[in-house]
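Hi everyone, thanks for coming. Let me put the structure up on the screen, and then we'll walk through it together.

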There are 2 protein chains.
Amino acid sequence: MMLSKKTKYGLKALTFLAAQDRNEPIQIAEIANHENISQKFLESILLTLRRNGFLGSKKGKGGGYYLIKEPQEIPMTAVMRILEGPIAMVPCVSLNFYEKCDDCPDENLCAVHNLMLKVRDSALEVYRNTTLADLIYQ
Amino acid sequence: MMLSKKTKYGLKALTFLAAQDRNEPIQIAEIANHENISQKFLESILLTLRRNGFLGSKKGKGGGYYLIKEPQEIPMTAVMRILEGPIAMVPCVSLNFYEKCDDCPDENLCAVHNLMLKVRDSALEVYRNTTLADLIYQ
DNA sequence: TGATTATCCTATTAAATCTATAGGATTTAA
DNA sequence: TTAAATCCTATAGATTTAATAGGATAATCA
């Protein structure tokens with residue numbers, strides 16, 4: 001139940017981009033340097049974020065990455081689901097990645113299911129009420 | 001951020017034990033059968049729970065495991081910390097397992113830190129307000 | 001047009017963690 | 001004394017995560 005480095009780095013990169021005033025693409029190297037992240041690893045993370053509609057990019061000299069939405073329009077639910085995967089800690093309580101447990105005959109009677117349902121709801125409330133804009137100055 | 005099978009099975013075993021009326025030790029085999037768990041794997045989990053003060057045990061014929069506290073006196077915070085480890089998703093927001101991030105110059109200005117602080121608090125509230133007794137009949 | 005810069009993309013390696021099993025030692029009851 | 005059960009350590013196997021490698025593609029600018 002640790003946050004992956006992928007998610008950690010992705011969040012830092014998004015926040016860094018959101019905090020920029022400059023109206024130009026920011027290069028991977030700059031983000032990596034500023035946030036102490038392996039450049040190659042960050043590269044693959046930014047690629048994921050671009051493919052999932054969070055970032056735009058520009059190739060070649062003067063190229064880089066930039067947000068394609070306003071920070072306040074990017075809820076943490078969306079970011080977490082792309083970078084980290086399901087918000088739920090077990091698939092049987094996942095909204096977007098639901099899977100039945102093969103060992104469990106009846107979900108409604110499963111102690112783990114019901115506990116994790118509460119945990120999921122509480123995490124969801126945080127993520128739904130937090131946008132990238134909220135992360136910038138805290 | 002998935003719940004480990006260890007925790008899942010441990011919670012099921014604890015709940016099963018808590019639901020018993022019988023005033024006698026319950027054998028690993030019975031729990032494993034009832035909850036569809038590998039007996040050997042469950043054995044190592046119950047050992048952990050015993051060593052951490054949740055269970056008592058009796059060896060030999062008629063032996064097995066039993067709770068040594070009332071279910072309502074076993075908060076999920078304690079169970080989760082033993083089985084799953086830190087409740088926090090990053091060490092820098094952990095109450096019981098705190099560690100500084102080596103890449104982060106100032107925690108208070110770290111977006112990840114502050115987001116994960118909120119997530120931890122919300123999970124903590126659930127775990128603190130739920131005891132083993134609450135898991136039995138839901 | 002050619003050199004440089006930067007992203008794009010896939011594959012793969014290395015490390016860590018999780019899951020499960022093996023196999024015998026110890027204790028207890030009958 | 002035998003059978004039943006937990007105790008205990010080590011380790012194998014599987015999965016996931018983290019990081020790297022290396023070239024392809026596209027854009028800029030002289």
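How many residues of chain A are in contact with chain B? Before I answer, please keep in mind that this is a predicted model. The answer is 27 residues of chain A, and they are in contact with 27 residues of chain B. On the chain A side, α1 (5–18) and α5 (111–128) each supply at least two residues. Of the elements there, α5(A) gives the most, with eleven residues. If you sort the chain A side by class, you get 15 nonpolar, six polar and six charged residues.

Let's stay with α5(A) and look at its partner in chain B. The axes of α5(A) and α5(B), residues 111–128 of chain B, come within 9 Å and cross at roughly 150°. Angles over 145 degrees count as roughly antiparallel, and therefore α5(A) and α5(B) are described as roughly antiparallel to each other. Their crossing is right-handed.

Which residues meet there? From α5(A) we have K118(A), V119(A), S122(A), A123(A), E125(A) and V126(A), and from α5(B) we have K118(B), V119(B), S122(B), A123(B), E125(B) and V126(B). By class, this helix-to-helix contact has six nonpolar, two polar and four charged residues.

Now, over to the DNA. Strand C is surrounded by 24 residues, and the closest are S57(A), S4(B), S38(B), K40(B) and G60(B). Two or more residues each come from α3 (39–51) and β2 (64–67) of chain A, and from α1 (5–18) and α3 (39–51) of chain B. The element that gives the most to this surface is α3(A), with four residues. As for classes, the surface near strand C has four nonpolar, eleven polar and nine charged residues.

One last stop, for those of you who like backbone angles. Most residues other than glycine have a negative phi. Now look at N36(A), in the loop between α2 (28–35) and α3 of chain A. Its phi is positive, near 60°. In chain B, N36(B) is in the loop between α2 (28–35) and α3 of that chain, and its phi is near 55°, again a positive value.

How many C-beta neighbours does N36(A) have inside 10 Å? It has 13, so N36(A) counts as partly exposed. N36(B), with 13 other C-beta atoms within 10 Å, is partly exposed as well.

That's my tour, and I'm happy to go back to any part of it.

Note on methods
Residues numbered from 1 in each chain as written. Chains lettered and ligands numbered in written order. Predicted model: local features only at pLDDT ≥ 70, side-chain atom pairs only at ≥ 80, totals over all residues. Near = placed C-beta within 6 Å. Nonpolar A, V, L, I, M, F, W, Y, C, P; charged D, E, K, R; others polar. Contact = placed C-beta atoms within 7 Å. Buried ≥ 20, exposed ≤ 12 C-beta atoms within 10 Å, placed from the backbone. Axes fitted to C-alpha atoms, helices over the stretch in contact; angles between N-to-C directions. Parallel < 35°, antiparallel > 145°, perpendicular 65-115°, else oblique. Left-handed = near helix turned anticlockwise from the far one by under 90°.
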